[in-house]
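Trainee: Please take me through one part of this structure closely, and then follow the chain outward from there. I would like each term explained when it comes up.

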Amino acid sequence: MDFTVSDKMKTIIGMIDEFVDKELIPMEPEFMAKPARSLLPAIEEKRKLVKQMELWAPNHPKEYGGMGLDLIEHALVSEALGRSPLGHFVFGCQAPDAGNIEILHQFGTDEQKEKYLPPLVDGKIRSCFSMTEVELPGSNPVMMDTTAVKDGDDYVINGQKWYTSSADGAAFAIAMVVTNPEAGPYLQASMIIVPTDAPGFNLVRNIPVMGHAGEDYFSHGEILYQNCRVPQKNLLGQEGHGFVIAQERLGPGRIHHCMRWIGICNRAFDLMAARARDRIIAPNRKLATKQIIQSWIAECAADIQAARLMVLHAAWMIETVGKKEARNEISMIKFVVANTMQNVIDRALQVHGGLGMTDDTVLAFFYRHERAARIYDGADEVHKVSVARRILKGYEGKKVR
Ligand SMILES: Cc1cc2nc3c(=O)[nH]c(=O)nc-3n(C[C@H](O)[C@H](O)[C@H](O)COP(=O)(O)OP(=O)(O)OC[C@H]3O[C@@H](n4cnc5c(N)ncnc54)[C@H](O)[C@@H]3O)c2cc1C
């Protein structure tokens, strides 16, 4: 494998690093202290700068105004942007829009693409993805109660979803709903585009997560679909193919997420090392002289390196042998990187003592918000079970000495 980073990517990453340091990190104290909506005008100004620098929407197709980077190139960008909680949103490559753009591009009709892709890629509108239900296990999404029933030219949707991230202020949701209850478990659900101003689409609340309900992009909505009526032409892809499309979101989306988490690790690690270097713990003694702290620093550096290489390897596998062959790698990075991140943030926070618990650094924000990484995008345990199952299958009838 070739680990060389191209000159083009070195230039791009250098520009992003500088932008994150100069423009985004200084905004973070305000971002953590104020309602998100009050910061939108300032964020819009930053987005304009990103567009002027021609770094907008790095992962999206050029034909829609993105940079058209490939998977590994965008992985490096995602790592650089992950250092700030504002990074991906300011550069127009944030979830869940990124995944929605991918599936609209791949499965949308010409009319759907024309209507939604240009404003979505341009950042003029936002979207959300509405699959998890309040009463049923998100870990086993074939168990789904929300239905879409045909009535004339429309679908009528009924059900209750939650954790529809960024629903507040979104222009539309891509909702996963049961359209074919008589079919096999993986062919019952479809994805349907639901404009948030459709009658019967109700944002009940932004769910408080770790003490913070958030708002606008930075929120997680509970949605009640009450006789919500949308035209049948809003169906995305084929009826009953919701899970087929969902599979398509998985590989590249996982790489983006995991590299964002590596970016968070890098930031937390920098803060930890700098604090250890500077904090006087006894006369003429810095915290960095303590072996236990040195051990944490060495372990975290090695863990981040290992996790990062696993993600880049998984991206390389996707690009060279395809998603199906890379299934184990795609699952393994999910739980390895989420746990590495949690451990690195925790140690960085510990090294900061009381300061780590405040919002005077970004660590407490990361600690609250990134715990969810072990739950969303498939809980760790679900990935571990499926990796183990596949590995064990390879041992069936295999002689081992
Ligand atoms: C911050 C955040 C953002 C999210 N954003 C979105 C979004 O935008 N759109 C959306 O649709 N959903 C979203 N989700 C929902 C997320 O996908 C689900 O929470 C996740 O799939 C788990 O489902 P659940 O919460 O119903 O937990 P359950 O399915 O009830 O599982 C609970 C726990 O049981 C264990 N478990 C489950 N299955 C197994 C198994 N097979 N073997 C062993 N242990 C198991 C795991 O520890 C798991 O954490 C988000 C969640 C969070 C926290």
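Mentor: A backbone N or O atom of glycine 138 lies 2.7 Å from an oxygen atom of the ligand, which is a polar contact, meaning a pair of N or O atoms within 3.5 Å (within protein, one must be able to donate a hydrogen and the other to accept it, and residues adjacent in sequence count only if both atoms are side-chain atoms). Please keep in mind that this is a predicted model, in which local features need pLDDT of at least 70 and side-chain atom pairs count only at pLDDT 80 or more, while totals for chains, interfaces and linings use all residues. Residues are numbered from 1 along each chain as its sequence is written, and side-chain values use heavy atoms, with hydrogens and water left out.

A polar side-chain atom of glutamate 381 also lies 2.7 Å from an oxygen atom of the ligand, and a polar backbone atom of phenylalanine 129 is 2.8 Å from a ligand nitrogen. Taken alone, the ligand exposes 980 Å², and the protein buries 66% of that; such areas come from the Shrake-Rupley method with a 1.4 Å probe, and for residues only the protein chains shown count as cover.

The shell around the ligand has 17 residues, of which Thr132, Gly138, Ser139, Tyr163 and Glu381 come nearest; a residue is near a molecule or strand if one of its heavy atoms lies within 4 Å of it. By kind, the shell divides into 11 nonpolar, 5 polar and 1 charged, where Ala, Val, Leu, Ile, Met, Phe, Trp, Tyr, Cys and Pro count as nonpolar, Asp, Glu, Lys and Arg as charged, and the others, Gly among them, as polar. Strand E3 (154-165) and helix H13 (380-395) each supply at least two of these residues, and H13 gives the most, with 3. Helices (H or I, at least four residues) and strands (E, at least two) are DSSP runs numbered from the N terminus.

From the shell we can follow E3 into its sheet. E3 pairs with strand E8 (residues 218-231) in the antiparallel sense over 9 bridges, and glycine 159 has tyrosine 225 of E8 as its bridge partner; two strands are said to pair if DSSP finds at least two bridges between them. E8 is also antiparallel to strand E6 (residues 201-206), with 5 bridges, among them the one that matches leucine 203 with isoleucine 223. Strand E7 (residues 214-215) is joined to E8 by 2 bridges, again antiparallel, and there glycine 214 is partnered by serine 219. E7 and E8 form a hairpin with 2 residues between them, and aspartate 216 in the turn has a positive phi of about 55°.

The other supplier of the shell, H13, is preceded by a loop that begins after helix H12 (363-369), and aspartate 377 lies in that loop. Aspartate 377 has a positive phi of about 60° although it is not a glycine, and with a relative accessible area of 24% it is partly exposed, that is, between buried (under 20%) and exposed (over 50%), with a 1.4 Å probe and protein chains only.

Alanine 57 makes a useful comparison, since this residue also has a positive phi, of about 50°, without being a glycine, yet at 0% relative accessibility it counts as buried. Alanine 57 lies in the loop between helix H3 (40-52) and H4, and proline 61 is found in that loop too. Proline 61 counts as buried at 18% relative accessibility, and it touches Gly66, Gly68 and His105, not counting residues up to four places away in sequence; contact here means heavy atoms within 4.5 Å.

The loop leads to H4 itself, where a side-chain oxygen of aspartate 70 reaches to within 3.2 Å of the backbone nitrogen of isoleucine 72 at the start of the helix. Because 10 of the 11 residues of H4 are buried, the helix is largely enclosed by the rest of the structure, and its cover includes helix H1 (7-24), H5, helix H8 (242-278) and helix H9 (291-320). Glutamate 73, which sits in H4 (residues 71-81), counts as buried at 16% relative accessibility and touches Lys8 and Met9, not counting residues up to four places away in sequence.
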